[in-house]
Amino acid sequence: MAITLDGLDVTSKLPTDWADTMLRQAFQNSVVGQLSAAEPIPTNGKIIPIYEGGFEVGYTKELGRKPVSDVKVSTKAITPHKFAGIIVVSKEAARANPGRLLEIMQADMRNAVQRQLDLAVLHGISATGGATIPDATYINQTTNTVKLDASKDLVPQFLAGYDLVASGDGEYDPNGYAFDSRMRTRVALASQQMLTIPGASTPMPNLAVTTGTLGGLPVAYGRTVGRRFAGDAKGNGVVGVVGDWSKLRWGYSSNLELTRSDQASIVDAKGQTINTFQDNAIAYRVEFEAGWYVDPSAFATFTNTTQPAGDEGDQ
């Protein structure tokens with residue numbers, strides 16, 4: 001994997017797997033990455049086969065004609081989308097060793113990358129301002145929705161979302177849930193309720209874990225499930241997702257580009273201009289490409305007119 005800084009390959013100044021490790025950790029720690037696996041995506045895109053089933057095996061007598069199934073296979077294009085961000089730091093912090101500076105910024109980069117992947121695949125939006133990503137399919141395009149009523153038992157409501165996805169002709173097999181971080185206690189209690197003998201007291205769930213199970217299926221948590229991007233505290237009412245995550249195909253290209261400048265003028269999110277030369281600062285621009293295709297019908301969303309209180313998690 002190439003790591004460039006000011007157009008020069010600086011891979012030799014960092015661990016050879018620095019960029020790959022940073023991106024891989026970011027994607028794996030995202031909600032999407034916890035419930036589905038990535039695959040390599042070339043910079044010019046990728047055509048993927050979509051197997052729609054239809055194969056059957058039937059009885060045939062000796063020397064009889066063997067039955068032929070009407071198998072449906074289509075193709076979909078995964079188009080890479082470019083994502084970028086700029087980090088501004090003081091020149092004093094960067095003076096000693098630019099490679100070391102990149103390592104210090106790694107945690108922030110990782111969190112930002114995983115938030116963007118989740119918001120893109122779940123809601124088709126940019127993490128900076130919530131702008132719609134053109135020509136992108138995303139999970140929240142589904143018409144399968146369960147409106148949660150927190151005053152009633154949540155277990156049958158969570159199962160109703162499962163049934164919406166699984167009610168087809170065997171086309172979808174729901175295999176995982178994703179919930180807004182603020183739903184953690186409610187989901188944990190519902191999970192314990194499923195495992196508790198009727199009449200027995202419900203044990204205290206372990207709230208320290210970042211993942212869990214619900215009805216035996218994995219659960220991933222993240223603020224991004226509620227469509228909360230930078231500056232958006234309310235979201236759009238979505239608090240959870242259940243679906244067949246095998247119907248999501250995604251990946252990222254192998255090049256991470258880092259560009260440095262101490263001469264540029266940068267306009268920040270508040271519209272204020274930072275003059276890197278005058279302010280003795282350095283700006284680093286981070287760019288990468290990721291692409292995905294999702295069948296929205298393979299998912300169902302859970303919505304709530306009143307967002308859960310509190311705010312936890314770093315995704």
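## A buried Arg–Asp pair

Let's start on the inside of this predicted model. Arg 228 and Asp 180 are both buried, and their side chains come together in a salt bridge, with N and O 3.0 Å apart. Arg 228 sits in the loop between strand 9 (217–221) and strand 10 (238–243), while Asp 180 sits in the loop between strand 7 (176–179) and helix 7 (184–195), so this salt bridge ties together parts of the chain that are 48 residues apart in sequence.

Asp 180 has a second partner, too: Arg 182, at 3.1 Å from N to O. How buried is Asp 180? Its relative accessible area is 0%, which is under the 20% cut-off, so Asp 180 counts as buried. Arg 182 comes in at 9%, and because that is also under 20%, Arg 182 is buried as well.

## The strands next door

The two loops we just met each follow a strand: strand 7 comes before the one with Asp 180, and strand 9 before the one with Arg 228. How do strand 7 and strand 9 pair, parallel or antiparallel? They run in the parallel sense, with 3 bridges between them. To see it in the structure, look for Tyr 177, which stands opposite Val 219 in strand 9.

Strand 9 itself is mostly covered, with 4 of its 5 residues buried.

## A network around Glu 287

Now for another spot to look at. Which residues are linked with Glu 287 in a network of salt bridges? They are Lys 82, Arg 285 and Glu 289. One of the links is between Glu 287 and Lys 82, where the closest N and O atoms are 3.6 Å apart. That pair joins distant parts of the chain: Glu 287 belongs to strand 15 (residues 281–294) and Lys 82 to strand 5 (residues 81–90), 205 residues apart.

Glu 287 has a relative accessible area of 12%. That is under 20%, so Glu 287 is buried. Across the whole structure there are 6 salt bridges, including the ones between Arg 228 and Asp 180, Asp 180 and Arg 182, and Glu 287 and Lys 82.

## How confident is the prediction?

The average pLDDT for the protein is 79, and 73% of the residues score at least 70. Over residues 309–315, though, the pLDDT is below 50. In the model, that stretch still has 25 contacts beyond its near neighbours in sequence.

Notes: Residues are numbered from 1 along each chain as its sequence is written. This is a predicted model: local features need pLDDT of at least 70, side-chain atom pairs count only at pLDDT 80 or more; totals for chains, interfaces and linings use all residues. Side-chain values use heavy atoms; hydrogens and water are left out. A salt bridge is a side-chain nitrogen of Lys or Arg within 4 Å of a carboxyl oxygen of Asp or Glu. Buried means under 20% relative accessible area, exposed over 50%, partly exposed in between (1.4 Å probe, protein chains only). pLDDT is the predictor's confidence in each residue, from 0 to 100. Contact means heavy atoms within 4.5 Å. Two strands pair if DSSP finds at least two bridges between them.
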